[in-house]
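Okay, everyone, thanks for coming. Let me put the structure up and we can walk through it together.

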Amino acid sequence: MNQTHQPNVVFILTDDQGYGDLACHGNPIVKTPNLDKLHGESVRLTNYHVGPTCAPTRAGLLTGHYANSTGVWHTIGGRSLLRKDEVSMADFFGRAGYATGIFGKWHLGDNYPYRPQDRGFQEVVCHAGGGIGNTADYWGNNYFDDTYWTGDGYRAFEGYCTDIWFNEGLKFIERHRHAPFFCYIPPMRPSAPPGGPALQRPYLPLTPHAERAKYYGMVTNIDENVGILRQKLAEWGLAENTILIFMTDNGSAGGVETDADHFVTSGFNAGMRGQKNSEYDGGHRVPFFLHWPAAGMTQGRDIAAITANVDILPTLIELCQLDDWRQHDFDGVSLAPLIMASDTGEWPERALVTDSQRLTTPVKWRKSAVMTNRWRLVNGRELYDMPVDPGQRRDVAADYPDVVAELRAAYEAWWAKVSQQFDAEIPITIGADAAQHVVLCSHDWRNENCDCVWNQCQVRAGLLYNGYWELEVARAGRYRFELRRWPKEEDRAMGDGIPGELVSYGQMTIESGYGGGAALPISAACIEIGDKANAELCRAMISAPHSRLILWPVPPICKPVLRRPPR
């Protein structure tokens with residue numbers, strides 16, 4: 001290596017874009033010239049695996065720990081909150097003197113102590129929840145001219161969401177160009193709902209329906225922003241000693257369609273079985289490109305060894321000389337010897353596990369894959385020999401019982417580790433100095449089935465669910481509870497409707513917006529704290545959907561007691 005100081009890091013993580021949604025991976029329709037160029041100038045992990053859905057992937061990536069052990073095994077229902085004792089990638093960079101910033105999608109908690117600014121990010125521009133238009137997000141955000149969280153409040157921005165996040169990332173880089181920086185750009189694209197007609201036009205004649213045309217249009221928009229980013233890094237003299245990483249968070253959501261057995265029936269998936277949320281490779285094998293000119297990483301080179309998102313934090317700690325990664329109990333390992341081409345011997349064989357739970361409490365073997373360089377054990381029963389059957393079409397478990405037994409044992413060891421904290425609480429804190437005004441929303445409700453009102457279209461429809469929050473009281477005092485269906489920016493009475501037709505979240509677009517909202521016959525509401533029900537609160541104060549609960553402390557008088565309800 002010939003760099004003279006610690007490298008900068010720009011980390012791009014796209015949402016719901018699969019391995020096959022790139023021209024450089026053989027897609028015959030989508031145009032990604034800038035990402036294709038980056039692919040040709042990068043070290044590439046070609047057997048790289050993440051979680052089959054977004055929040056678990058992010059938890060594993062940012063902590064180096066298996067997502068299930070961090071408390072993140074779903075995208076809603078309070079199961080996307082990253083345990084407060086986890087140390088994040090931004091924490092490591094910040095402690096080493098780097099400027100740290102996030103611009104886009106966080107999806108690991110919107111209340112203290114789970115917000116990005118609580119987890120090491122010094123500068124923040126993010127939407128809330130798992131996507132724009134989720135319940136926790138600023139009311140009415142619809143991908144264009146939105147209002148985003150900046151760490152200490154909300155601010156309005158002009159333009160299309162992906163352009164905003166890349167532009168804000170570039171402003172951050174320019175501000176900190178004379179010192180090391182860690183710039184994390186995770187756009188909430190090309191995830192659904194789809195973008196506008198301007199994005200879809202190039203692909204309408206080439207795809208079977210308008211939704212995929214919009215999806216590919218969003219991929220191309222990301223590609224254009226990557227090109228602008230690389231151009232600016234070069235203009236500012238930063239390209240040489242900046243580690244530029246591109247990856248995606250799970251399999252394709254919009255580029256393919258699959259049948260009940262996860263086989264692709266439409267679209268391009270690079271020959272893989274499965275898509276987003278699948279236990280087959282198409283659900284969790286994703287691109288990973290790393291470009292670093294100062295270390296000689298300017299030519300395309302493939303690394304075929306099995307790797308995973310939990311490896312990336314220890315790898316960056318070693319590459320950037322932040323600390324000794326071996327002093328930390330990571331589930332992943334540093335890939336620096338492979339990436340730097342300094343490993344001259346056999347890379348140790350190992351078994352990695354990924355799964356998709358999307359439940360209140362994880363279930364053993366559910367939607368799981370145990371992976372080695374050669375094998376995939378799916379759901380503890382099906383075995384696939386990947387070098388000869390990359391499409392996972394022939395189950396050979398009966399032919400290799402010893403391999404099945406070995407991989408099942410690896411899963412058992414993994415389960416014993418990740419299940420230790422399944423029953424531990426992950427409470428939202430009220431009354432802390434860092435969070436005087438707390439908004440609890442139904443996106444994070446806990447209940448038996450993880451049923452919740454998770455997007456604003458469901459709030460408008462008056463969807464009927466209920467649940468509870470786990471709370472931790474930071475200090476004794478008198479607390480004021482304000483219950484709402486509509487947020488303050490809507491300024492309507494609890495039972496009021498909104499003129500217009502109801503629109504589902506999948507149908508909502510930049511042009512159509514969210515439509516109307518149903519009126520509800522609200523008569524009364526009640527708050528339950530622990531196992532004690534309070535007297536009736538004001539009539540007509542909260543709707544049946546229980547969309548939001550807002551709390552803030554007032555001068556100390558009494559000590560609230562909040563306990564976790566029995567399971």
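So here's one to start with: how do the residues lining the second largest cavity divide into nonpolar, polar and charged? It's four nonpolar, one polar and three charged. Keep in mind that this is a predicted model. The residues in question are Gly-78, Leu-81, Ile-426, Ile-428, Asp-444, Arg-446, Trp-469 and Glu-470, and the space they line comes to about 40 Å³.

Okay, stepping back. We've got three cavities of 30 Å³ or more in here. The largest one holds about 210 Å³. There are 22 residues lining that largest cavity, and if you go looking for its centre, the closest ones are Gly-51, Ala-67, Val-353, Thr-354 and Asp-355. As for where the lining comes from, α2, residues 54-63, and β15, residues 352-355, each give at least two residues. β15 has the largest share, with four. And the class split for the largest cavity is twelve nonpolar, nine polar and one charged.

Now let's move over to helix α1, residues 33-40. Which residues are buried there? Leu-35, Leu-38 and His-39. Looking down the axis of α1, those buried residues fall within an arc of 105°, so they line one face of the helix. That goes with the usual helix rule: there are 3.6 residues a turn in an α-helix, so residues three or four places apart point the same way.

And what do the buried residues of α1 pack against? You'll find β2 at 43-45, α6 at 210-235, β9 at 242-248 and β12 at 288-291.

That's my tour, thanks.

Notes. Residues are numbered from 1 along each chain as its sequence is written. This is a predicted model: local features need pLDDT of at least 70, side-chain atom pairs count only at pLDDT 80 or more; totals for chains, interfaces and linings use all residues. Side-chain values use heavy atoms; hydrogens and water are left out. On a 1 Å grid over the protein atoms alone, a cavity is a set of points where a 1.4 Å probe fits but cannot get out, and a pocket is an open set with protein on both sides within 12 Å along at least five of seven lines; lining residues have an atom within 4 Å of a point. Grid points are joined across faces, edges and corners, and a volume is the space filled by probe spheres set on the points. Ala, Val, Leu, Ile, Met, Phe, Trp, Tyr, Cys and Pro count as nonpolar, Asp, Glu, Lys and Arg as charged, and the others, Gly among them, as polar. Buried means under 20% relative accessible area, exposed over 50%, partly exposed in between (1.4 Å probe, protein chains only). The arc is that of the directions from the helix axis to the C-beta atoms. Contact means heavy atoms within 4.5 Å.
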